[in-house]
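Good morning, and thank you for the opportunity to speak. I should like to discuss some backbone features and one group of strands.

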Amino acid sequence: MRLSKYYSFTLKENPSDAYLVSHKLMLRAGMIKQATSGIYTWLPLGLKVLNKIKDLIRIAHIKNDVYEILMPTIQPSDIWIKSGRYDDYGKEMLKISDRNDNELLYGPTNEEMITDLVSNDIKSYKDLPKLLFHVQWKFRDEIRPRFGVMRCREFLMKDAYSFDLDYENSYYSYCKMFILYMKIFKLLGLKIIPVKAASGPIGGALSHEFILETSSGETQIFYDKRVFDHDVSNVNLTNKTDAIVATENILSLYSRTSEKHDLSVFKNTVESQNQIISNGIEVGHIFYFGTKYSEAFNANYINNKGSKELIHSGSYGIGVSRLVAAIIEANNDDRGIKWPKKVTPYDIGLINVRSDNDTCNCFSENFYKKFSKKYEVIYDDRNVRVGDKFHNMDLLGIPLQIIVGEKNLLNSNIEIKERVTGKSELININKVESYLEYKCEF
Ligand code: ATP
Ligand code: MG
């Protein structure tokens, strides 16, 4: 991508109305623009990151037999009246009526709609288990939308739903999703603390939140730091015992938000050197709610003895748009964003220091053409001050920066800077290809 053609409008100064670093940086890097309170337009750079995160999450689900559907944003009110949540959900639900005075709403979540769907399709115990997900925009009329896309009104959520024969099978689905979430967050380069949670208006018995530790987080957390010692990468999710044991191992370590914190367990024990008190942001939340929705929607199946049973279900949410901000919150410095390689909008930033110099121009053009085939390259070909190019590339947070200058080229070198460490190296132009291969290996 050539920056001269891109839709990229960055800000030099911090916007005065933003409080969180991630919000300031998303505005400054030109990733989002507020349309009205808590509602945002995603600009090319922001959308690119959002789509990368979304696709990583989608693929991880599909690989594990959780299949993708797409339910609408607008829902009829009758299914919410049926579940009893139409009034319970309160003012966060945006209610709309159409030209025929039918009551509709902009979906804040989809338990009703999906239970209604499967209640028509699932007939026999042979049809279960089933796991489905979608990635769709949600609307919640938050009382105080704030912090940019971290707490907004319209946001992108990945929500998955499990349907099982009974508690035992549902528990396996729950553990499978629990470990899948830990794997996804690891892929995204995030250190996540799963904590026991109250399940709130969704109802049900078993629930955990996934918290990203950051000093600016709204949630206070108390956790045992050995939670980070658990490596879930090799847990085989198709194996029931493996999924359950891995989940229970992680959950055997103490972790709570302030809402559920038990002072007597956490403080003054022999383990106190592992006990951390900190803050975090909720990026995911999972629930097992048994037959709550199946009862309302008559979602049942015929068991192997010929009698009717209610389906057991759970729901599993990740705040996809919130993750963009959360990742920035955990990866930035005073120069700007420092994208982890997995979610970076571009792998390589190409800076032509001398756009008035034929040698530099020619090298940069060739580099761009060659390496764009293999990597995502953002080429600053604009005719602006070189200092601005450096500042801009750091603000955008591109992991590897190729700096093309005349003096170095005469010695067959180019400078390559890593955004995360800030360190630069001179690399011989004949070795650039293998160097990039090594550095961009994910
Ligand atoms: P919170 O406690 O932060 O208000 P929640 O518990 O109401 O969130 P869930 O119903 O658990 O949210 O939704 C699943 C995920 O969707 C959350 O973990 C979060 O990442 C994301 N999410 C929820 N509300 C918002 C919001 N207003 N803006 C952005 N993301 C949100
Ligand atoms: Mg939640």
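Helices, of at least four residues, and strands, of at least two, are DSSP runs numbered from the N terminus. With those terms, D65 can be placed in the loop between helix 2, residues 44-63, and strand 3, residues 67-68. Please keep in mind that this is a predicted model.

What is the phi of D65? The value is near 65°, which is positive, in a residue other than glycine. As background, most residues other than glycine have a negative phi, and most peptide bonds are trans. F147 also has a positive phi, near 65°, and this residue belongs to the loop between strand 7 and strand 8, the latter covering 154-164.

Are these two residues buried or exposed? D65 counts as partly exposed because its relative accessibility is 40%, whereas F147 counts as buried because its relative accessibility is 17%. The cut-off for buried is under 20%.

Next, the peptide bonds. L128 and P129 are joined by a cis peptide bond, with omega about 0°. P129 sits in the loop that lies between helix 5, residues 111-121, and strand 7, residues 130-139.

Finally, I turn to the strands. Strand 21, residues 400-404, runs antiparallel to strand 22, residues 413-418, and 4 bridges join them. Here I403 has E415 as its bridge partner in strand 22. Strand 22 also pairs with strand 23, residues 424-428, in the antiparallel sense over 5 bridges; N413 is partnered by N428 in strand 23. Strand 22 and strand 23 form a hairpin with 5 residues between them. In its turn, G422 has a positive phi of about 80°.

Technical notes
Residues are numbered from 1 along each chain as its sequence is written. Chains are lettered from A and ligands numbered from 1 in the order in which they are written. This is a predicted model: local features need pLDDT of at least 70, side-chain atom pairs count only at pLDDT 80 or more; totals for chains, interfaces and linings use all residues. Side-chain values use heavy atoms; hydrogens and water are left out. Buried means under 20% relative accessible area, exposed over 50%, partly exposed in between (1.4 Å probe, protein chains only). Two strands pair if DSSP finds at least two bridges between them.
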